[in-house]
Amino acid sequence: MITGSCLCGGVRYEYDGCIEEISLCHCSQCRKAQGSAYVAVSPVDSARLRMVRGQELLREYRAVPHKARVFCSNCGSPIYSARDELPGVRRLRLGTVETAFECANAYHIHVASKAAWERIGDDLPQYPGAAPGKS
Ligand SMILES: [Zn+2]
Ligand SMILES: [Zn+2]
């Protein structure tokens, strides 16, 4: 079981599954949405992600019409994103996870649009756009 929460603690969730993939996205939308060099997300099964509390605090913002970025309206923490065409998948913002876990399957995407000041200092795979086989 993976648990997590937003910065203010108003939103709390449980994920009845494992984190099996870590996507580090450097695109300009993710950078702005997080206020950081990149976002760390994992695709998780919507049916197994449960809001324990704070469902009413969640708001969404759509930078593009088909993708909702869901965040806590009290503190601003991004919680997950969801694409309309993929209702079974949520992309959980891993900075909000409290459970210690390890996952070797990590990779960088959209490195072609990373910030000029950022230096990627690990040897994980890097893809200029989306990961192969994904959009
Ligand atoms: Zn919050
Ligand atoms: Zn992105």
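**Questions about strands, sheets and a core**

Trainee: Isoleucine 22 stands opposite alanine 106 in β10. How do you know that β3 and β10 pair, and in which sense?

Mentor: Strands pair if DSSP finds at least two bridges between them. β3 and β10 have four bridges in the parallel sense, so they pass that cut-off. One caution: this is a predicted model, where local features need pLDDT of at least 70 and side-chain atom pairs count only at pLDDT 80 or more, while totals for chains, interfaces and linings use all residues. Residues are numbered from 1 along each chain as its sequence is written, and chains are lettered from A and ligands numbered from 1 in the order in which they are written.

Trainee: What makes a stretch such as β3 (22–25) a strand?

Mentor: A strand is a DSSP run of E with at least two residues, numbered from the N terminus, and β3 covers 22–25, so the name fits.

Trainee: Which strand does β3 run antiparallel to?

Mentor: That's β4, joined to β3 by three bridges. Serine 23 has valine 41 of β4 as its bridge partner, and leucine 24 has alanine 40. β4 also runs antiparallel to β9, with five bridges; one of the partnerships there is proline 43 with arginine 91.

Trainee: Arginine 91 rings a bell. Which residue of β8 has arginine 91 as its bridge partner in β9?

Mentor: Serine 81. β8 (78–83) and β9 (89–93) run antiparallel with two bridges. Pairing needs at least two, so they qualify.

Trainee: What is the strand order of the seven-strand sheet?

Mentor: The order is β6-β7-β8-β9-β4-β3-β10, in an open sheet with mixed pairing. β6 (58–64) and β10 (106–109) are the edge strands, pairing on one side only. On average, neighbouring strands are turned by 30° against each other, direction ignored, where axes are lines fitted to C-alpha atoms.

Trainee: And the three-strand sheet: why do β1 and β5 each have a side without a neighbour?

Mentor: That open sheet has the order β1-β2-β5, with antiparallel pairing. β1 (2–5) and β5 (49–53) stand at its edges with a single partner strand each, so one side of each has no neighbour in the sheet. Here the average turn between neighbouring strands is 25°, direction ignored. Four bridges join β1 to β2 (12–15), including the one between serine 5 and arginine 12.

Trainee: Why is histidine 110 called buried?

Mentor: Buried takes 20 or more other C-beta atoms within 10 Å of a residue's own (exposed is 12 or fewer, partly exposed in between, with C-beta atoms placed from the backbone). Histidine 110 has 22 C-beta neighbours inside 10 Å, so buried is the right word. Histidine 110 sits in the segment after β10, and its phi is near 55°, a positive value in a residue other than glycine.

Trainee: What makes a set of residues a nonpolar core?

Mentor: The members are buried Ala, Val, Leu, Ile, Met, Phe, Trp, Tyr and Cys residues joined through C-beta atoms within 7 Å. The largest such core here has 18 residues, among which Cys25 and Ile79 touch the most other members. β2, β3, β4 (39–45), β7 (67–72) and β8 supply at least two residues each, and β4 gives the most, with three. In soluble globular proteins, nonpolar side chains tend to be buried together.

Trainee: Which residues is isoleucine 79 in contact with?

Mentor: Contact means C-beta atoms, placed from the backbone, within 7 Å. Leaving aside neighbours within four places in sequence, isoleucine 79 contacts Cys6, Val11, Leu58, Val70, Phe71, Cys72, Arg93 and Thr96.

Note on methods
Axes are lines fitted to C-alpha atoms, for helices over the stretch in contact, and angles run from 0 to 180 degrees between N-to-C directions. Two residues are in contact if their C-beta atoms, placed from the backbone, lie within 7 Å.
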